[in-house]
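Student: Could we go through this structure together? I would like to hear the reasoning behind each label.

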Amino acid sequence: MIHTIKKAVTVLSMVIFGSALLYNCEPDADTLGEQLFLDDAAQGKEKSLDIIAFNIDNNNSIRSDAGKLTYAVLGAFNEGQFGLQKASYLTQLRLSTYDPDFGTNAVVDSVVLVMKPTYASDSVTTTTVDDNYTYSTTTEANISAKKVVNTYPVLKFGKAKRTFNINVNEVTEFLKGPSDTVVSNQNFAYDAAKTLGSKEFKGSISSIAITKDGDGSALFTASVPGIRIPLDKTFFQDKIIAKKDQPELQDASNFIRHIKGLRISVAENDGYLFQFSPNDMELIMYYKYDKTENGVTTKTPATYAFALGAANTHIGQYQYDRAGSALGTAAIGDRKNGDEKLFAQGMGGPSIGIKFPESTITELKKLYEENKAAIISAKIRLYTDTSWNNGYAKPTAFTFVQKYISSTEPNATVTNFTNDVLNLAGSNNYTIYKAYDLDKNPAYYDFIVTKSLKDIVEPKSSTETNTETKNPTKYFRIDMGSFQSNSAGTGLAGYQFTTTPYNTSRAVFVGSKTSDANKATLRVIYGTK
């Protein structure tokens with residue numbers, strides 16, 4: 001297993017991310033099959049063959065701890081095919097300095113939590129809120145200026161024109177360590193009776209710019225726009241300022257048990273889902289303390305920034321209600337005959353499984369053995385179902401892996417990249433999948449399995465030396481999300497590193513157990529001498 005992973009990472013260092021997905025450009029055949037082709041066959045013929053396409057029930061659960069959340073998700077979205085999906089977020093907070101000295105008679109003025117969602121930076125609305133603004137610096141006072149607000153729409157999936165009430169509550173149960181495994185449906189107790197802060201959110205975020213009258217030069221520009229949520233200052237007065245010089249503030253171990261964490265959620269059960277960076281959140285406490293100079297005591301303003309970054313536990317909590325939805329009433333998971341419709345959803349929703357039936361393999365082997373028909377190109381084609389004809393964006397990010405029977409444990413299943421990725425990454429025109437007609441209904445997708453199929457049908461032509469991946473393939477698995485890059489940014493980190501735990505997309509596809517002309521199929525181009 002270790003050998004397999006090392007090989008995958010080595011091979012994938014050649015992959016350029018722009019080649020992971022192509023769309024709206026379909027060649028007659030994938031040229032990646034050419035280097036696998038026997039000798040010099042004359043021409044290609046296309047054949048459509050049956051597959052078994054089925055749903056995989058993930059029990060509405062997925063790993064969603066700090067090791068999996070490059071981004072976190074917040075919001076709620078309810079629609080007829082998948083039902084309700086609601087996302088909340090939990091995080092620890094730590095002191096930026098331990099045993100802090102807040103000065104004499106410190107009093108909290110305000111506390112602000114700042115979230116920074118992903119947003120459309122090219123869709124800015126600029127509004128002048130004060131044309132006669134007066135600005136001062138340390139070297140110049142009363143500068144005539146203009147105060148401008150730049151507003152950006154947050155990137156959303158769902159019903160975009162909805163208002164959320166974002167609530168912040170105190171977690172009352174220890175959130176484990178940042179390296180511990182947590183699944184998305186695991187519950188952690190919190191104080192539901194008391195809200196530490198709330199914010200009405202209408203789907204956009206703003207930044208402020210102050211420009212000098214006359215030459216228009218920038219005097220002040222706010223950092224990345226975000227959602228600013230005011231928090232209960234009394235809570236921080238009692239839990240932080242009043243604990244000065246006490247054990248609770250002496251070290252990290254004591255502090256994360258003193259304030260166990262924060263839970264961020266939305267009150268509503270329908271709207272949209274949006275992403276934000278958990279490591280970029282800020283929590284700032286503004287306060288004043290007594291400062292005495294030359295016998296004169298004055299209230300002096302100060303700030304204290306808490307640490308919300310990578311050292312903390314981060315957890316995505318996902319709640320589902322499938323009652324009354326198409327998925328909730330559908331019979332799914334028929335691995336023998338396939339399913340009529342295929343449901344794919346990130347964040348613990350269902351996945352898609354694909355198997356080659358014996359009849360399909362037998363037919364291809366017969367062509368190979370009797371007619372010298374070698375496979376040039378092979379792809380699994382999936383069409384979106386008519387039930388998914390709506391205004392929501394079609395998905396453009398998928399992971400595609402292969403399940404093998406273990407060489408050492410016959411009853412165990414091994415997951416890895418497909419043989420195509422392991423052997424053909426870096427080849428001309430190779431892509432893991434291609435998407436077509438994303439602006440139409442139906443859209444369709446081709447998942448490339450040329451090498452994987454050749455290794456089953458044409459064992460003598462196989463150049464695969466990895467014994468693990470030469471074992472019988474049980475099935476392929478398709479999930480919403482994409483493979484993540486390695487730390488150098490030169491390729492993929494590994495099959496287990498994906499964006500699926502926070503991917504907000506979903507779609508319904510035509511299955512294989514149907515008379516629909518767009519049913520899931522295997523498309524093979526083969527050549528004979």
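Tutor: Gladly; we will take salt bridges, then burial, then the nonpolar cores, bearing in mind that this is a predicted model.

Student: Why is the pair K116 and E282 called a salt bridge?

Tutor: The closest N and O atoms of K116 and E282 are 2.6 Å apart. The cut-off is 4 Å between a side-chain nitrogen of Lys or Arg and a carboxyl oxygen of Asp or Glu, so the pair qualifies. By this rule the count comes to 22 salt bridges.

Student: What makes K116 and E282 a link between parts apart in sequence?

Tutor: K116 sits in the loop between β6 (104–115) and β7 (125–135), while E282 belongs to strand β17 (residues 282–293), so the salt bridge ties together parts that are 166 residues apart in sequence.

Student: How do you know whether K116 is buried or exposed?

Tutor: Its relative accessibility is 16%. Buried means under 20%, so K116 counts as buried. Its partner E282 has 27% relative accessibility and therefore counts as partly exposed, since that class runs between the buried limit and the exposed one, over 50%.

Student: What makes R162 and D270 a salt bridge, and where do the two residues lie?

Tutor: The N to O distance between their side chains is 3.6 Å, and the limit is 4 Å, so they count as a pair. R162 is in the loop between β9 (156–158) and β10 (164–171), and D270 is in the loop between β15 (262–266) and β16 (272–276), 108 residues apart. R162 is partly exposed at 34% relative accessibility, and D270 is partly exposed at 22%.

Student: Why is K202 called exposed, and what about E200?

Tutor: K202 has a relative accessible area of 58%; exposed means over 50%, so K202 belongs in that class. E200, at 48%, counts as partly exposed. The side chains of E200 and K202 meet in a salt bridge at 4.0 Å, N to O. Elsewhere, K159, R162 and D270 are joined into one network by salt bridges that share partners.

Student: Which residues have the most contacts inside the largest nonpolar core?

Tutor: They are I380, L382, L453, F509 and L522, in a core of 66 residues. Membership requires a buried residue of a listed kind, such as Ile, Leu or Phe, joined through side-chain atoms within 4.5 Å. Leaving out residues up to four places away in sequence, I380 touches several residues, including I51, F356, F400, V449 and L522.

Student: What lies apart from that core?

Tutor: Another core, of 45 residues, with V111, I166, I241 and L262 among them.

How values were computed:
Residues numbered from 1 in each chain as written. Predicted model: local features only at pLDDT ≥ 70, side-chain atom pairs only at ≥ 80, totals over all residues. Heavy atoms only, no water. Helix = DSSP H or I, 4+ residues; strand = E, 2+ residues; numbered from the N terminus. Buried < 20%, exposed > 50% of the residue type's maximum accessible area, 1.4 Å probe, protein only. Contact = heavy atoms within 4.5 Å.
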